[in-house]
Amino acid sequence: MLLLAALAIPALTGTALILTGRDSVRSSEANANLVSLVASVATAALVVATVITRPKVDYQWLPSLGVRWQFSVDGISAPLLILTAALGIAVVVHARSYPPHGGSPTTFYGCLQLVEFGALATFLSRDAVVFFLSFEVVLIPMWVLISRFGDSHDLPARADASGRFVLYTVLGSTLMLVGILALVHSAGTANLDALAAARGAGLDRSTQMVIAALLLVGLGIKIPLWPFHTWLPPAHTIAPTAGSVLLAAILLKMGTYGIVRLVIAPLPIGFGALAPVFAAAGVIGILWGGLACLVETDLKRLIAYSSVAHMGFVVLGLSSGTTAGLQAALFANIAHGVVSALLFFLVGGLKERWGSADLATARAALREVSPRLGLALVVGFAASLGLPGLVGFWGEFLAMYSAWSPAADRPEGFMRVLAVLAVTGTAVAAGYSLRVLRLIWSGDRTSPAHVDAHGGEWSVLAVLVASVLVLGVAPGIVLNTTSKDVSVITSEVSR
Amino acid sequence: MIHLWLPLALVCVLAGAGAYGVIARRNAVLVLIGVELILNSANLLFVTMGSVRGDALRTGQVLTLFLITIAAAEIGVALAVILALFRKRGHIDLSEPGA
Amino acid sequence: MSQAVVAVNAGVLLPALAPAIGAAVVLVVDVAAQRLRRTHYMIALVSLVVGAVGTFAGLGMVAGGVRQTLCLPGGGQCMYAADAVASGLQLAALLAAGVTLLLSWPDDKKQSSGSTAVIVSLVLTATAGATAVAGARDLGSWLVALELATLPTVALVALRGARSAISGAIALLTTALVSFGLLALAAALWFTATGSGFITPAAALAVIDDPSRRPILVLAVALVVAGIGFKLSLVPFHAWTPEAYDGAPLPIAAFLAGVSKIAALGALLIVIRAIAPLGAPALTTIAIVAAASMTLGNIMALRQNSVVRLLAWSTVAQAGWVVMPLAAASSAAVFASGAYLLAYVLATLLAFAVVAALVQTRGAARARDLSGYHGLVHDHPVLAAALGLALLSLAGLPPGVLGLVAKVTALRPVVASELWLMAVIAAVNAVLGVAVYLRWLRVVMATAEPETDMTAPVAAPALSAHPATLVAVGLAAVALVVTSVNPQLILGLLGS
Amino acid sequence: MSELVLQATRMVVLAPFVASVLGLFVARRRFASAVIASTGAVVTLLAGSYLLYAVHHDSLAGEVSTIGALPLGQLRMPLHLLVDELSAIVVFAVGIVGLAIQLFTKWYLHDDDRYGVFTGTVSLFLAGMLLVVLSGDLVLTLVGWEVMGWCSYLLIGHYSRKDSASRAATKAFLVTRFADLAFVIGLIILASGAGTTNIRDLMATWSGLPGSTLLTVALICLLSGIAGKSAQFPFHDWLPDAMEGPTPASALIHAATMVAAGTFVLARLFPIFVLSDPARLVLAVITAVTMIGAAILAFGQSDLKRLLAYSTISQISIMLSALAVAPVTVGSGPAVLYLLSHAMFKALLFLAIGWLSVLVAGTSAVALAGGVRHHKQLRVPLGIGFLALAGVPPLAGFVAKEYVLGAAHDNISELGSAAGWIVMVAVGMSVVLTAAYCTRAWLVLTHLSAEEEVTHEAAVKEAVEVEDVSIVAIFTELASEGGIPPDSAPASGSTVTDVHAEPEHGHADIHRSARLSVGVLAFLSVVGGLIIFTPLVQVEPHITWWLAASSFVLIVASWAGVRFLAPVDGIGDAASRLGADRMALFDSGLGADGVYVALASQVVRLAEIVVVADRQVIDAYVRGTVVVTRWIGVTGERVHTRKPSSYLVWLLVGLLAVGVVGVTTW
């Protein structure tokens with residue numbers, strides 16, 4: 001009941017907001033913000049309660065297709081749920097400082113709510129088809145956010161970015177649907193737990209490989225996996241701050257989460273066969289994204305490319321097939337969620353101040369004119385380069401470790417080469433992080449001056465900075481939550 | 001008692017001629033006639049087969065009557081439309097692109 | 001040999017009989033009293049409702065359940081048998097016809113063209129054909145019903161008399177004639193091959209053990225695919241579609257997009273069911289046709305600037321989705337195909353209804369052109385919402401959950417029989433489809449002037465559409481919303 | 001282990017960490033942040049001294065849990081701290097240096113608007129270093145290792161308004177990070193080989209298979225990272241540039257902490273390091289090259305702070321070389337001993353030079369020329385520092401260096417490996433060179449030009465009392481060690497500093513606390529050598545007398561030589577004999593920076609290629625779909641002539657196709 005409420009509130013609020021978006025904008029701005037703030041807080045509370053009580057929901061929905069409303073929480077989804085709920089609040093609070101422009105605010109907040117709903121439903125659902133439906137829910141709201149509320153300097157670019165996002169993602173999700181249907185048909189059940197328990201029993205290697213390939217490509221587009229990543233930078237560049245945050249911090253995670261649920265658990269053999277290729281793509285992504293960041297001149301694009309790099313580590317960890325690797329991937333998921341949220345909130349605010357996110361033009365040094373933003377920037381990029389003691393470190397280090405000593409059925413030599421390359425990627429990360437800091441953080445320019453973060457913006461940034469530190473110092477918070485279910489998936493005796 | 005191949009051959013000829021008429025002719029009425037040829041080949045096939053297989057329902061013969069009736073109805077509608085076309089355009093050439 | 005006396009169960013035939021009788025009544029009434037116009041529509045609606053009620057008994061029957069009549073004595077075969085899918089199609093056809101009538105409801109302000117009775121009766125007749133064909137099990141009634149569903153539409157298109165209407169009618173007519181010829185040949189070949197006048201698995205099975213007759217049967221099936229392909233407007237039998245849609249009055253276009261497709265699929269499903277035992281290979285042709293239709297339809301729709309033509313091409317694409325599952329010969333395939341068709345019809349009717357409402361509000365010129373929809377969300381938010389829902393449902397994206405579930409349903413059999421290539425083509429076309437409908441939706445959502453709309457939203461212009469049209473919009477919209485929340489309402493109709 | 005020891009161990013790391021976090025909140029308020037930072041340092045020192053006591057008195061040693069083990073399946077990661085004699089003594093030393101630097105910074109940066117941030121960062125830096133020292137787990141080592149690296153980035157770039165500073169900071173971090181790549185791989189190899197990251201367990205595992213190639217690879221990888229952090233060739237060039245940072249930062253980074261961390265980690269892993277002769281040979285070569293090269297470069301520096309930087313590089317390589325040669329019997333003792341003594345006298349030198357540079361506003365040889373004559377209270381600290389650095393008996397530097405030589409000697413006599421000879425020769429040469437640049441620096445500091453001699457005569461009387469006052473001040477205040485510094489001291493030194501002592505740029509007079517810290521370090525530099533007679537380090541006190549004698553001879557010889565070379569005119573800089581252009585070359589570190597830049601530019605070129613490929617290749621197929629679609633659409637429109645007749649043709653053609661396909665595929 002808690003669980004259904006946690007889903008219903010954002011869904012209904014979002015729909016209501018969108019449908020009632022007709023009164024005068026000025027008044028509806030504040031109201032809409034208030035309403036969605038209340039809704040997000042309530043949702044977050046319910047999600048927390050759900051994570052604690054771990055209820056199970058199971059309703060008949062489409063008997064003709066054998067689709068059921070099956071929702072529940074386990075260790076793997078719990079952290080993602082918390083992250084989603086927390087960021088759901090954060091984007092609304094942040095939007096108090098930067099009201100949306102480009103359309104009616106009620107639509108804006110409604111779309112935010114719907115995205116949150118879709119993400120929550122994705123992480124909660126235990127039925128493969130329902131998982132797919134929830135996966136699709138986020139598309140249109142996000143498309144509206146980008147195409148209506150995005151950067152209005154270059155309308156063709158905006159149309160291109162939003163179209164790219166939605167079309168590319170639809171391709172991925174439809175391929176995923178084909179894979180899901182094949183999986184469900186050949187395994188005879190749509191229940192994710194049952195699928196995981198079966199561990200691909202009764203599916204011969206070739207079938208597993210075909211299904212796994214479909215699912216990996218489909219979900220890989222969402223992650224985004226190299227070379228399917230070219231939709232991400234434009235989308236991030238154009239999207240409004242809230243959109244970028246949700247996109248990077250939550251939507252990308254749905255891809256990796258889906259791989260854990262739909263590929264690794266149910267198709268161990270097929271995934272094992274494809275893992276080297278998958279891991280290689282991930283590592284190429286690490287280097288590719290990192291190198292692109294070294295010369296990218298648009299700050300938002302830069303962070304988008306860094307997302308490609310960071311998700312590469314997640315992919316690497318997933319491919320290793322060991323408990324350590326899976327733990328690493330799940331942790332890196334959360335880590336990237338927090339860090340990219342921090343950075344996009346930050347950069348979104350900067351873009352509002354600067355008028356553009358171009359690094360080539362000379363700006364006032366953040367350390368001089370806005371110490372708070374400067375602090376957040378330093379912490380954010382320190383975490384982004386995987387500095388130990390911050391949240392970024394554990395996932396990436398463990399991913400590299402697990403790639404070095406992968407599961408028995410992986411080609412060890414090849415994986416070790418990948419591990420070394422991934423390590424190299426961390427140096428590239430350091431390179432672009434320091435590049436950005438040197439460009440906009442240090443220096444003696446104090447003009448054009450701009451106000452420092454305060455109010456909603458600062459509170460959001462502060463909380464995120466704090467969580468970057470806390471999770472970095474005490475990674476056990478996440479790892480202990482996930483460990484039990486992970487070791488079930490890998491069926492590995494832990495020492 | 002004629003041999004079976006003769007009517008079947010005729011069926012083929014009719015159908016072929018009809019198809020040719022449909023493709024080659026530009027005049028609406030001639031196309032119509034081509035369609036009629038096809039229908040008649042179908043009729044002939046029905047009758048032939050009906051006579052070969054003597055089933056209780058006389059399916060072949062009955063269906064022939066069905067087809068003739070439907071064809072008549074078709075012709076009615078078709079001619080009406082073709083007439084309308086002639087009124088609008090002054091010709092009934094199907095190779096002219098429509099408005 | 002026994003005297004063949006068939007037992008007639010009017011209750012079972014009601015879905016087909018009611019509209020037919022309604023048509024007759026309308027004509028009689030028209031003869032009796034000239035000036036009446038709304039009465040015809042009333043009568044028509046009543047007859048449609050009666051027919052719809054008649055289908056209820058057949059809805060949602062478990063697999064194998066069938067209501068049949070016109071059976072030969074001695075437990076012989078029946079010429080009319082309606083299972084769950086057939087009943088579902090019939091219901092859909094009747095309701096779609098009802099929506100069509102609502103859309104073409106006479107406007108008292110305008111002087112009547114006097115053809116009201118004709119229109120109504122023709123619509124009813126075509127509907128009767130559509131419902132009848134879904135249950136026809138023998139060649140005779142199958143051919144007759146199919147033609148009954150086709151010929152009136154030619155007349156309906158032509159009736160407006162405008163130049164474009166005539167061109168559309170001609171395009172429709174010629175294709176219809178030829179494809180009917182083909183169907184007649186197909187029937188003859190079927191009879192030749194099976195020696196039976198019934199389109200049943202039993203008849204088809206008789207052929208299996210006789211290799212000499214097999215090719216004939218295959219040829220028959222091929223001819224059927226071609227002949228039905230015309231009515232479903234599958235590539236390459238589709239070319240008439242944009243012409244006819246564009247030329248016909250909007251309600252008739254909606255009728256063509258709805259009832260005609262239902263009739264065609266009903267006819268096709270009968271043959272598919274019959275030859276299903278012969279296995280999948282015969283259906284490779286369907287896969288090819290389906291792939292071609294999806295791809296060409298979507299790509300061409302992407303380039304249209306007239307919304308009606310866009311909808312016409314989208315019909316072509318959707319038809320591909322409708323027949324795609326049939327490429328996998330299974331009962332699930334028949335179910336899936338029917339389910340997809342219903343979802344498509346509902347969404348398309350809603351789209352047409354909205355367009356019609358806008359035609360009455362803003363005039364045809366503006367409402368039929370894509371650019372005329374710029375900023376609709378500000379002028380008529382409700383209509384925009386309805387249109388958006390319809391388009392998203394066609395695109396298969398939430399909140400149009402119905403369309404999404406339909407896509408899932410349609411892909412299931414394909415994947416189950418491991419037609420990977422078909423599945424991938426379908427995936428690509430899902431993307432193309434999204435591109436098509438979002439192109440329209442973006443125009444709808446576009447803000448007139450990005451800056452000014454923030455400050456003071458312009459007062460929405462009055463919606464001067466005919467109430468009946470609005471009723472149609474409302475009905476379709478509500479139906480779509482409800483079935484999106486719980487698609488089982490639609491899937492359930494077709495049994496499980 | 002007793003609960004108290006456990007808490008003390010955690011406290012050592014926790015105190016500075018907490019101090020840095022709290023310091024962040026009060027960064028705006030000087031006094032509060034000073035109090036917090038100093039408190040943190042004091043607590044650390046107290047806890048550290050207690051550890052030292054506990055370890056030796058009750059001979060306690062063992063592991064301390066921290067944040068709990070991480071659940072990682074086959075990989076065990078207990079994240080324990082490890083307390084033993086080695087870590088205890090180094091903790092103590094770091095504690096002393098840290099406290100001294102905190103106190104000194106309070107005065108040194110007293111007019112800097114970012115003092116709070118700086119001192120907070122210093123605390124964090126100390127936390128990182130102490131974590132490395134106490135770590136019983138490779139991952140914790142890595143954490144502290146990288147945290148230090150990041151803090152050094154922030155400290156070097158403290159004057160972020162100066163582009164040169166931020167460039168130096170970036171350079172420092174990137175070079176070390178690059179070197180750390182191999183370090184990380186090495187750690188991963190070691191951990192994965194043993195299935196655990198606990199240092200004692202994995203050392204036990206690896207000891208089981210000596211001479212394994214994988215072990216050698218891992219150790220050489222570790223060496224790369226150590227060379228980076230310890231600024232060994234070829235990663236050495238970041239260190240001189242790091243002088244852009246405030247002097248306390250330099251003292252911190254170069255004295256006890258970051259650069260020595262490598263030595264410590266290697267000492268910690270010594271039991272498995274000795275198992276791989278190739279790795280030891282590599283280390284010997286690296287250190288030999290660095291030792292001599294850096295010493296030569298040091299001699300030619302026109303900036304005395306950079307001179308100290310190069311001397312640090314050279315000294316660190318001496319410590320490391322001890323590890324390269326020490327036989328198992330000798331162990332890591334000599335290296336640790338050298339680490340401790342170097343920590344003391346190098347911190348002393350930096351603080352003293354920093355002090356002087358404040359008074360004369362500059363660190364270049366020209367600016368500092370004669371500084372010691374003008375500011376007599378610095379004569380003793382600087383003198384002690386340079387003597388210890390040169391390794392003049394009986395100061396700490398001398399003892400430590402003798403032990404290194406002894407280790408090399410034992411290596412030759414026991415193992416007779418090439419490493420032994422290399423190190424022996426290299427250290428021998430470095431003795432000469434070190435003495436040379438120390439002498440040069442001292443001569444410059446004490447040189448007075450002719451006209452200055454006159455004014456100097458006037459102050460000569462005061463000079464006497466100045467001297468002992470400073471000494472007295474130092475030794476009396478030893479009693480009140482660790483007292484919270486007064487906010488603004490009515491500097492007693494002001495009365496004694498002579499006319500020239502008035503700060504050129506209105507900097508406040510030295511605080512008592514700062515003076516105190518300098519004094520403590522000076523004291524330890526003098527008596528530090530005696531540590532060998534305590535059980536604090538595992539070295540049995542023996543000195544190879546002929547080595548000691550010969551090195552002393554060498555020192556004297558090189559002192560005399562430089563003394564002879566030094567010109568009387570100018571600033572009495574012996575290095576000026578090298579010629580201006582050659583000195584410029586030395587200042588540029590023989591163009592090592594150019595090499596780094598060239599490498600970096602290669603990476604950037606690669607990045608540009610990637611971006612082009614991203615736009616033109618990867619994205620091409622995305623745009624390609626659009627093109628194809630449009631093309632098909634256009635063709636489609638061309639095909640759809642609205643002729644009914646053509647429709648019929650299509651119909652029949654389609655029928656033909658369908659029929660053919662149907663019949664064939666049946």
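Two residues are in contact if their C-beta atoms, placed from the backbone, lie within 7 Å. The model on screen is predicted, and local features need pLDDT of at least 70, side-chain atom pairs count only at pLDDT 80 or more, while totals for chains, interfaces and linings use all residues. Residues are numbered from 1 along each chain as its sequence is written, and chains are lettered from A, with ligands numbered from 1, in the order in which they are written.

Begin by selecting chain A, where residues 24 or more positions apart account for 82% of the contacts with a separation of 6 or more. Coloured by secondary structure, chain A has 20 helices and two strands, taken as DSSP runs numbered from the N terminus (helices: H or I, at least four residues; strands: E, at least two). Its C-alpha trace spans about 65 × 50 × 40 Å along the principal axes.

Next, add chain D, which has 40 residues in contact with 43 residues of chain A. On the chain A side, helices that each supply at least two residues include H12 (268–295) and H20 (476–490), but the largest share, eight residues, comes from H18(A).

Finally, hide chain D and show chain C, of which 32 residues are in contact with 32 residues of chain A. Select helix H16 (381–395) and helix H18 (420–445) of chain C, which are among the helices that each supply at least two residues of the side touching chain A; H18(C) gives the most to that side, with ten residues.
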